[in-house]
Amino acid sequence: MNTNKTHSELAEQFNRDTKRVDWHDETLWFVRVKRDRAANQIPEWEQLREAASQIKNNVLSNLHDYLLEFERQALLNGIHVHWATDAKEHNEIVHSIIQQHGINHIVKSKSMLTEECGLNEYLHDQGIEVIDTDLGERIVQLANEPPSHIVLPCIHWKKEEISELFHQHLGTPKGNADPKFLTDAARAHLREHFLTSRLAITGVNFAIAETGEFVVCTNEGNADLGVQLADVHIACMGIEKIIPQRKHLGVFLRLLARSATGQPITTYSSHFKKPRAGQEMHIVLVDNGRSKRLASDDFRNALKCIRCGACFNTCPVYRRSGGHSYHTAVAGPIGSILAPGFDMEKNADLPFASTLCGSCSHVCPVKIDIHQQLFNWRQVLVKNGHVNTTKKIGIGAASFILSRPWLYKISGSLVRLFMRAVPSLINNRLNPWYTHREMPKAAPKSFNSWYQTNRKNG
């Protein structure tokens, strides 16, 4: 993934393979339809969404207290608690624990926080082998790629391509693309790593302040197997993953899997409260810009995210541009409002990678106002000068015209005239819209003229 390119440039690369784009689009929409079907089977679905949203509002308003309560209870449970200000400190803490035990080979289940912090790359540079044990994550790891989706990491790969990848790295027979065969081959490959690793890393889906426990949700059981066979368990968690009480967990578990894949519940919802006899358990609580976002009225709601990926599956831009076009750990609509908070200049293009259709906000299980935050980020980015010259000139021209009704009317008349009489003045390479779309036919008159005439006739 070339992070020096913008979303539009990377999306253009993805769109060169039109068959893949269509397949990617249709597959993700299929998952979106499953989500709708699952949601419609729950009469109180909207009440669940509202309850989850309000619980998260409460958490964000009292995050300091809930974190300290979680720490107290976790320590009583025998868990080692660590605090990390940023990605660098998180990686150093994890590395120090690994070093203490003289380990150079670990297994890791899916964790978007470790992707955000670049943990795999950091540990690799320290001479430590990290094996991702989620099947999709392992596929993209073998391909030396980041995941393109937070729930479906290799959604952009076809089974024939996975077959060739496994042939190269796992020695499977060339040309065998049977999904069951490939899954069995991956299971045999990963089993050896599970059995020989003394340390396992997991993410955290939910952490319960009341009890000091945390919950990890998977469909493959890889987190359970890794942790139960390892002497040391390190859980890595963003500080926003706290919920107040265990009873609140039921609200989120009913929403999570249905929103993510259309399942009634994840196959494994594993509770970790205390280490088993002879095992060490650590949890690393990571800020990495979250406190700064918490202080922002416009963007704090993004911290309510439970990483279900529903906004990915419904987004018309994501479905047809691919996850790697977002050049950030978390892609899609939610990633486009999170990424500028980490690096405004580097990720200034992402809030513009949206139609602002609002479908992402409509499906969000915790009612994050994603499309509104995308709009808010655009204003912030323009005010701070983080747009290219062409966009800056275009926005300036639009502002000048739209703030003068008389000029707007004249401009509209002239554009319609040119589109009818001299279409090449509009339909050319200088018009970014025309590069990828057919321009509509010019209307015979403006909506305002039509409205004035019809209002009088009415």
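Which strands does helix 5 lie across, and at about how many degrees does it run to strand 1? The sections below start there and work outwards through this predicted model.

## The six-stranded sheet

Helix 5, built from residues 87-100, lies across strand 1, strand 2, strand 4 (199-202), strand 7 (232-238) and strand 10 (280-286). As for direction, helix 5 makes about 145 degrees with strand 1. The sheet under discussion is an open one of six strands, and reading across gives 1-10-7-4-2-3, with parallel pairing. At the edges sit strand 1 (80-84) and strand 3 (129-132), each of which pairs on one side only. On average, neighbouring strands here are turned by 25 degrees against each other, if you ignore direction.

For a look at one strand pair, take strand 2 (residues 105-108) and strand 3: they run in the parallel sense and share four bridges. Want a spot to zoom in on? In this neighbourhood, His105 stands opposite Glu129 of strand 3.

## The four-stranded sheet

There's another open sheet, this one with four strands in the order 8-5-6-9, and its pairing is mixed. Strand 8 (242-243) and strand 9 (268-272) are the edge strands, so to speak the borders, each pairing on one side only. Strand 9 is joined to strand 6 (residues 213-218) in the antiparallel sense, over five bridges. Within that pairing, Phe214 has Phe272 of strand 9 as its bridge partner.

This sheet has a helix packed on it too: helix 12, residues 249-260. Helix 12 touches strand 5 (206-208), strand 6, strand 8 and strand 9, and its direction is about 175 degrees from that of strand 5.

## How the chain divides up

Zooming out, the protein chain splits into domain 1 (1-41 + 304-387), domain 2 (44-288) and domain 3 (393-456). Measuring aside, the computed distance between the centres of domain 1 and domain 2, taken over C-alpha atoms, is 22 Å. The contact between these two draws on 34 residues from domain 1 and 37 residues from domain 2.

## Where domain 1 meets domain 2

Between domain 1 and domain 2, about 3200 Å² is buried, and carbon and sulfur atoms give 61% of that area. On the polar side of the ledger, the interface has 14 residue pairs in polar contact, counting pairs with both residues at pLDDT 80 or more.

Which helices supply the domain 1 side of this contact? Helix 2 (18-40), helix 14 (310-314) and helix 17 (359-363) each bring at least two residues. Helix 2 gives the most, with 10 residues on the side that touches domain 2.

## Salt bridges

How many salt bridges does the structure hold? The count is 20, and two salt bridges are found between domain 1 and domain 2. Arg20 pairs with Glu161 in a salt bridge, with 2.3 Å between the closest N and O atoms.

Another one to pull up in your viewer is Asp25 with Arg319, whose side chains meet in a salt bridge at 2.5 Å, N to O. This pair ties together distant parts of the chain: Asp25 belongs to helix 2 and Arg319 to helix 15 (residues 316-321), and they are 294 residues apart.

Conventions
Residues are numbered from 1 along each chain as its sequence is written. This is a predicted model: local features need pLDDT of at least 70, side-chain atom pairs count only at pLDDT 80 or more; totals for chains, interfaces and linings use all residues. Side-chain values use heavy atoms; hydrogens and water are left out. Two strands pair if DSSP finds at least two bridges between them. Contact means heavy atoms within 4.5 Å. Axes are lines fitted to C-alpha atoms, for helices over the stretch in contact, and angles run from 0 to 180 degrees between N-to-C directions. Domain bounds come from an automatic or database domain assignment. Buried area is the accessible area (1.4 Å probe) that two parts lose on being put together, summed over both. A salt bridge is a side-chain nitrogen of Lys or Arg within 4 Å of a carboxyl oxygen of Asp or Glu. A polar contact is a pair of N or O atoms within 3.5 Å; within protein, one must be able to donate a hydrogen and the other to accept it, and residues adjacent in sequence count only if both atoms are side-chain atoms.
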